[in-house]
Amino acid sequence: MNSPAACQVNMTPQREWALLLILAGIQFTHILDFMIMMPLGPQLTLAFAISDAQFGLLVSAYTFAAGASGLLASLYIDRFERRRLLLILYCLFAVATLACGLAPTYETLMGARIAAGLFGGILSAMIQTIVADVVPFARRGKAMGVIMTSFSVSTVMGVPLGLYVAANSNWHTPFFGIAGISFVLVVAGWYVIPTLQGHLHARGEAGPLHGIAQVLRDSNHLRAFCFSFCMIFAGFSIIPYITIYMQINAGLTPSDIPLIYLAGGAATLFSAQIIGKLSDRIGKLKMLQIIASVAVVPMALITLTEGMSMAVILVITTFFFVFVSGRMIPGMALVSAAGNPRNRGTFMTLNSSMQSAAMGVAALVGGMVISRSAEGLIENFWICSVIAIAFNLTALWIAKGVRVYQ
């Protein structure tokens with residue numbers, strides 16, 4: 001399928017590369033802002049004299065706010081020029097992150113985290129929308145590889161980086177650092193990101209609810225939403241419980257855990273580029289089928305590492321991060337091309353909300369499945385891998401029916 005709004009600007013290879021680096025930087029900072037919270041738990045509970053449950057609310061507040069902002073943004077995202085809207089939201093996210101570092105009380109930190117979630121929650125959707133507007137489908141696999149590299153690295157590096165900061169500084173430092181980098185990227189983005197308003201002419205003067213209705217009436221959009229939900233659900237059925245399983249059942253020490261994430265992060269830094277280029281060369285759907293099929297193996301093995309050596313565990317976890325995150329590169333290239341260009345922003349923000357819901361539901365299901373034995377060991381984690389594999393294979397089946405706009 002083709003559309004006059006499918007590619008709004010023509011860019012030189014050098015400027016396109018600069019654009020991808022800026023967008024990857026934005027993606028990196030706002031995902032890192034979420035991931036960095038979890039290892040800061042001991043310092044925050046001590047600093048504010050709060051319980052583990054109250055700290056859990058701090059972590060989940062960002063996700064809930066992000067999901068809500070995605071639904072709200074679907075009302076207006078296609079009504080504004082893309083560059084201006086992205087940079088305004090990102091600047092407000094940077095201010096909210098700075099406020100997190102300056103927060104004097106638990107209540108003010110909670111408010112700042114909610115604000116960061118509201119402004120940062122739709123950044124991924126906007127980034128993917130801009131990539132789809134600017135980069136032709138034939139090269140979009142490589143472009144998504146660059147973007148997903150930042151996503152993967154921030155996801156797997158957030159925990160060890162947080163642990164390092166917690167051991168060598170204080171809880172304020174990471175928020176100041178992320179805010180500082182964000183303000184620099186706002187300025188750079190103003191000069192590098194092109195003006196994108198072709199979608200404004202394509203969509204006409206219809207109201208915001210009409211745009212949502214158009215997205216939801218399209219059966220191809222609904223298939224893409226289901227595909228995206230299953231892809232995220234498959235990963236997050238396992239990911240939230242890896243650390244606790246490795247420490248309790250596999251016998252790793254807290255100092256061993258960062259090695260898992262460092263190895264995974266280093267590997268995905270290179271594998272994402274390779275997967276992106278191959279997606280363009282052999283086709284997004286075919287590459288997705290290959291990567292997702294191979295991902296079944298580490299999905300199964302990572303929940304059965306009890307009694308294995310550290311070396312073997314590192315191999316399994318690294319393959320898990322490479323292939324489970326690698327599925328998202330051709331997968332998101334397909335999703336970004338499945339949205340009608342005149343409503344692409346609305347489509348991508350609704351898809352972002354769908355992904356947030358998938359993360360939350362998957363983590364909830366995983367928590368209901370696993371249990372503790374009388375000795376305190378994690379039980380039934382293998383069932384999480386069965387669920388993950390089932391959703392992974394379902395995603396592959398759905399992907400065959402997703403149509404794309406060239």
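**Exercise 1. Thr303 and Thr305**

Work out whether Thr303 is buried or exposed, and find which residues Thr303 touches.

*Solution.* Start with accessibility: Thr303 has a relative accessible area of 3%, so Thr303 is buried (buried means under 20% relative accessible area, exposed over 50%, partly exposed in between, with a 1.4 Å probe and protein chains only). This is a predicted model, in which local features need pLDDT of at least 70 and side-chain atom pairs count only at pLDDT 80 or more, while totals for chains, interfaces and linings use all residues. Residues are numbered from 1 along each chain as its sequence is written, and side-chain values use heavy atoms, with hydrogens and water left out.

Next, place the residue: Thr303 sits in the loop between helix 14 and helix 15 (helices are DSSP runs of H or I with at least four residues, strands are runs of E with at least two, and both are numbered from the N terminus). Then list the partners. Setting aside residues up to four places away in sequence, Thr303 touches Tyr245, Phe381, Trp382 and Ser385 (contact means heavy atoms within 4.5 Å).

Thr305 can be treated in the same way. Thr305 also lies in the loop between helix 14 (284-301) and helix 15 (310-326), and its relative accessible area is 0%, so Thr305 is buried. Beyond its neighbours within four places in sequence, Thr305 is in contact with Tyr245, Met246, Ala250, Ile313 and Ile316.

**Exercise 2. Two positive phi angles**

Find where Asn380 and Ala49 are placed, and say what phi each has.

*Solution.* Begin with the background: most residues other than glycine have a negative phi. Asn380 is not a glycine, yet its phi is positive, about 70°. Asn380 is placed in the loop between strand 2 (378-379) and helix 18 (381-399). With a relative accessible area of 30%, Asn380 is partly exposed. There is a link to Exercise 1 here: Asn380 and Thr303 are 77 residues apart in sequence and 8.9 Å apart in space, C-alpha to C-alpha.

Now turn to Ala49, which has a positive phi of about 55° although it is not a glycine. Ala49 is in the loop between helix 2 (41-48) and helix 3 (52-73), and at 69% relative accessibility Ala49 counts as exposed.

**Exercise 3. The buried face of helix 5**

Determine how the buried residues of helix 5 are arranged when seen down its axis.

*Solution.* First, check the length. Helix 5 (residues 106-120) has 15 residues and reaches 20 Å from its first C-alpha to its last, close to the 21 Å expected at 1.5 Å a residue (the expected span is 1.5 Å times one less than the number of residues). Second, collect the buried residues: Tyr106, Leu109, Met110, Ala112, Arg113, Ala116, Gly117 and Gly120. Third, look down the axis of helix 5: these buried residues fall within an arc of 165°, so they line one face of the helix (the arc is that of the directions from the helix axis to the C-beta atoms). The general rule helps here: an α-helix has 3.6 residues a turn, so residues three or four places apart point the same way.

**Exercise 4. Trp171 and Ile178**

List the contacts of Trp171 and of Ile178.

*Solution.* Trp171 lies in the loop between helix 7 and helix 8 and is buried, with a relative accessible area of 6%. Leaving out neighbours within four places in sequence, the contacts of Trp171 are Leu40, Gln43, Leu44, Ala47, Phe48, Cys100, Gly101, Ala103 and Leu109. As for distance, the C-alpha atoms of Trp171 and Cys100 are separated by 9.8 Å, with their positions 71 residues apart along the chain.

Ile178 belongs to helix 8 (residues 172-192) and is buried as well, at a relative accessible area of 5%. Not counting residues up to four places away, Ile178 touches Thr29, Leu32, Asp33, Ile36 and Thr97. Ile178 and Asp33 are 145 residues apart in sequence and 7.0 Å apart in space, C-alpha to C-alpha.

**Exercise 5. The chain as a whole**

Say how many helices and strands the chain has, and what share of its residues is buried.

*Solution.* The chain has 18 helices and two strands. Of its 406 residues, 57% count as buried. Finally, among contacts with a separation of 6 or more, residues 24 or more positions apart account for 85%.
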